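Please work through the exercises below with the sequence and the structure open beside you. Each task is followed by a solution that goes step by step.

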Amino acid sequence: MSAPAGSSVYALLTDGTAIEIRPARPEDFAAVQDMHATMSPDNLYLRFSSMSRIAAEREARRICREPGPDHAALLAVLDGEVVGCGAWELAGDGPQSAEVALAVADDMHNRGVGTLLLEHPVSLARGRGVRTLIAETLTDNTLMLQVFANAGLRAHRTLEDGVYILRFPLPAGEGDADLDTYREAVAGRERSADVASLRRVLTPASVAVIGASRRPGSVGRAILRNITDGGFPGPVYAVNPGAAELDGVPCVPSAAALPEQVDLAVIAVPAAAVPGVAEDCGRCGVKALAVTASGLDGAARAKLLGICRRHGMRLVGPASFGVVNTAISLDATFAARHPRPGAAGLALQSTGVGVVLLEHLSRLGVGISTFVYLGDKDDVSGNDMLVWWESDAATKLAVLYLESFGNPRKFARTARAVGRAMPVLTVNAGRSAAGLHLAAARAAAAATPQLTRQALFEQAGVIATANLGELLDTTALLASQPVPAGPRVGVVSNTRSGGVLAADACGDAGLQVTRLTGQTQQALRDLLPPWAAVAGPVDTTAVAAPGLFRRCLELVGADPGVDAVLALTATAATSHLVPEVAAARLPVPIAVAVMDQVEAVRLLPGPDGDSPAVPAYAYPESAARALGHAARYGTWRARPPGTIPDLDGLCQDRARELIAGFLAATPQGGWLPREQTRGLLGCYGLSLAGSITVTTADAAAAAAARFGGPVALKADVPGLVVRRTGAGAVLLDLHGADEARRGFRSLQQTFGDRLAGVIVQPMITGGVEVKVSVLEEQVFGPLVLFGLAGATAEVLADRAARLAPLTGSDADDLIRSVRGAPLLLGPPDAPAAGLAALKDMLLRVSQLADDLPQITELDLSPVIVRPDAALAADARIRIQPAEPADAYLRQLQ
């Protein structure tokens, strides 16, 4: 997750330069005073309505106070020098209003310093319950007025004695339209700055290779040769203290001797030497590094990143294979061959996968636009590359191989935005226990569970394939054919058995084999022998005359019930059919299984330059899986983006007070008592089924009589997780006072002195039992899980997950994603269970989890979903101390 607001972070200015934003400290007084002292008289006047240096000194003392609950101040630091200050302080008209003031050094205007110093105090203030920020500025201070106007915050402006007083209502929680507007403005600034910073990596004007050896075949020498052989047009330098030149490239003795104008330095030295070389690069003005060395431990990696941050350098790696941009003939890798220019952008953490993809995508003719081997991914990440590709006209599809996620919420929203313009593909690697363990080794942290990764990919519209071959198959399809509008496939084969295999493969891939319209069937009968099958799948028979197969493909592709066509040719004797497939002109995408071809996948060129290539696979299963991925992506892209709803009846402040009170009494955290659990859920409009807690057998009998029907008894045992099937803690379907009394005594006998009480509830009959849960993932934040309740469902692991906060579409997907969904949806002619009520419950649980990071675990189980309602029978909530984090705050990971 993102760092807590108010901690020291780095963020990007508009020109891509990294700058530190950190809290002011008393020892910063001299530096803050010096910044104000060097401000021009005009700038001083605009800031303080006075040219007095005394006002600047007072401001420096105010900024550098010890932080407190009623005020905070932040500094912008570049190359060790304070270049801006931003502070807020509670106003006199109440604890929900604060005054904000900004100052920027003269030589840093128009670079985005003031905007960052506004965004970060906004985040701090919102986290402390401030609802309105107030700023005062002279009417002549056009630069500061522009900062406020472009911030994305709604402003109320009044003019008093030549001073504008601006009031900014700070956006409330999720679902607030003002919050969406503000976040979009922040995200737009972040994308622009990110692209600017990556220009030094991907479009450098000059490149240096540090560690270029005389020994042929060494990593540094191979990179240098690839740069020169690839035709990079800018200056290239090599660092080798014992050579005057290598491969026609002039050498300098050390990184410190590099010319100032070097944009990108590729460091190919042993791991122990990397930090020193990076420091030299920073001092001589290098703008970006790609580090090939692997084996740097955590301390060395942190030191390297700190050097890059201090000097404003972007870092690819360490353990990087290098970078490629075919548009400028840059190949700064040690690959054996130059990649073919093309449409795919690649960002990978695996050298092996990178080499394979470069080779295969070049062979297929898909080609590469840009390639970044991220390595340990300490700085430049998949998020950065998605932003780059979104702005790059040459990139038509994005391919990722990631073993870890530094900022998964940012990844989700970035991939979701990019996915609207181009397909984003990845391999869902680490699905096995052994694979997950190995993937975690690079991240030096706990591996991301499969369910969490799946939730991330599905919410973001990322095409996640099961293996590398499937990734290549799907990439070949999406690089050559349009995206299918839906899952309906017209199958055309020249053998009946091929049609059978194709139909089965389509079913396995989640596709529907279309039954063709009567008009299409008749047109096919007019062309084919009487024994041909024309309803779908179409069997043209093996004796189809030349030209007929192509005509059949075009007829099936024109059928109104077809979203894509899958063609099959099954024997070498009919190899003339392959050119017919490539020559067919269809209004929908097409893939073909050429079952006698050697290659797993290839692209058949179209009949002319304007026709798309056709992906040809060796097996129908490969073609169907690729079409299945493409069809699901097309359905996702066609659906309007979901929105986080504005829920009514929320009492967020009361919920925060309740949690603060619990943690004040129990600083280490723990399970909320039942009544506090009920109260916290009530703050979000969530209710539990009626219950009575009793401590005697007679009270249990009385409670059962009061409910007047069959009841359930649940043991209230501190520390015991009560489940319907476990520990004998739940007794169901007890009738009358006597059975309730005996049930109480049975629980008392089972748990003895540990029994704090017994909860008596009426049995809720009818409906479908489900479970709604929340788990707080350390990196990903709150994860909302949904599935059927009960022992069988848990054994089958029939559950789905989404990252909070949920949109309305996310909630719908959760309900429909589990295998038991038909029990909730019901048959077409019968009323469905209370889906609206269940969806509302999921959205409220999501909001609760997103608002309150102290919730580490939440279970509503069972939830009884009936046609008229969704009612939670029981709940448990675990609370732990936690600092709120702003996932939308602009900061480098």
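A salt bridge is a side-chain nitrogen of Lys or Arg within 4 Å of a carboxyl oxygen of Asp or Glu. The model used throughout is a predicted one.

**Exercise 1.** Apply this cut-off to Arg-866 and Asp-868, and state whether each residue is buried, partly exposed or exposed.

Solution. Begin with the distance: the closest N and O atoms of Arg-866 and Asp-868 are 3.9 Å apart, and the two residues form a salt bridge. Next, take the accessibility of each partner, for which the range between 20% and 50% counts as partly exposed. Arg-866, with a relative accessible area of 28%, is partly exposed, whereas Asp-868, at 61%, counts as exposed. Other salt bridges share partners, and these join Asp-194, Arg-309, Arg-314, Asp-379 and Asp-384 into one network.

**Exercise 2.** Find where the salt-bridge partners Arg-225 and Asp-247 sit, and explain what the pair ties together.

Solution. The first step is the contact itself, in which the two side chains meet with an N to O distance of 2.9 Å. The second step is to place the partners: Arg-225 belongs to helix α7 (residues 219–229), while Asp-247 lies in the loop between β11 (245–246) and β12 (249–252), so the salt bridge ties together parts that are 22 residues apart in sequence. Finally, Arg-225 is partly exposed at 36% relative accessible area, and Asp-247 is likewise partly exposed, at 28%.

**Exercise 3.** Work out how Glu-554 and Arg-551 are placed within their helix, and how accessible each of them is.

Solution. Both residues lie in helix α18 (residues 548–558), and because they are 3 residues apart, about one helical turn separates them. Their side chains meet in a salt bridge, at 3.9 Å from N to O. Glu-554 is buried, with a relative accessible area of 17%, whereas Arg-551 is partly exposed, at 40%.

**Exercise 4.** Decide how the radius of gyration of the protein chain compares with the globule rule, and set the result beside the figures for the whole chain.

Solution. Start with the secondary structure, which comes to 28 helices and 40 strands. The radius of gyration is 32 Å, close to the 29 Å that the globule rule gives for 893 residues, so the protein chain is as compact as a globular protein of that length. Then turn to burial, where 56% of the 893 residues count as buried. Among contacts between residues at least 6 apart in sequence, 69% join residues at least 24 apart. To finish, return to the salt bridges, of which the structure holds 41.

Key:
Residues are numbered from 1 along each chain as its sequence is written. This is a predicted model: local features need pLDDT of at least 70, side-chain atom pairs count only at pLDDT 80 or more; totals for chains, interfaces and linings use all residues. Side-chain values use heavy atoms; hydrogens and water are left out. Helices (H or I, at least four residues) and strands (E, at least two) are DSSP runs, numbered from the N terminus. The radius of gyration is taken over C-alpha atoms; the globule rule is 2.2 Å times the number of residues to the power 0.38. Buried means under 20% relative accessible area, exposed over 50%, partly exposed in between (1.4 Å probe, protein chains only). Contact means heavy atoms within 4.5 Å.
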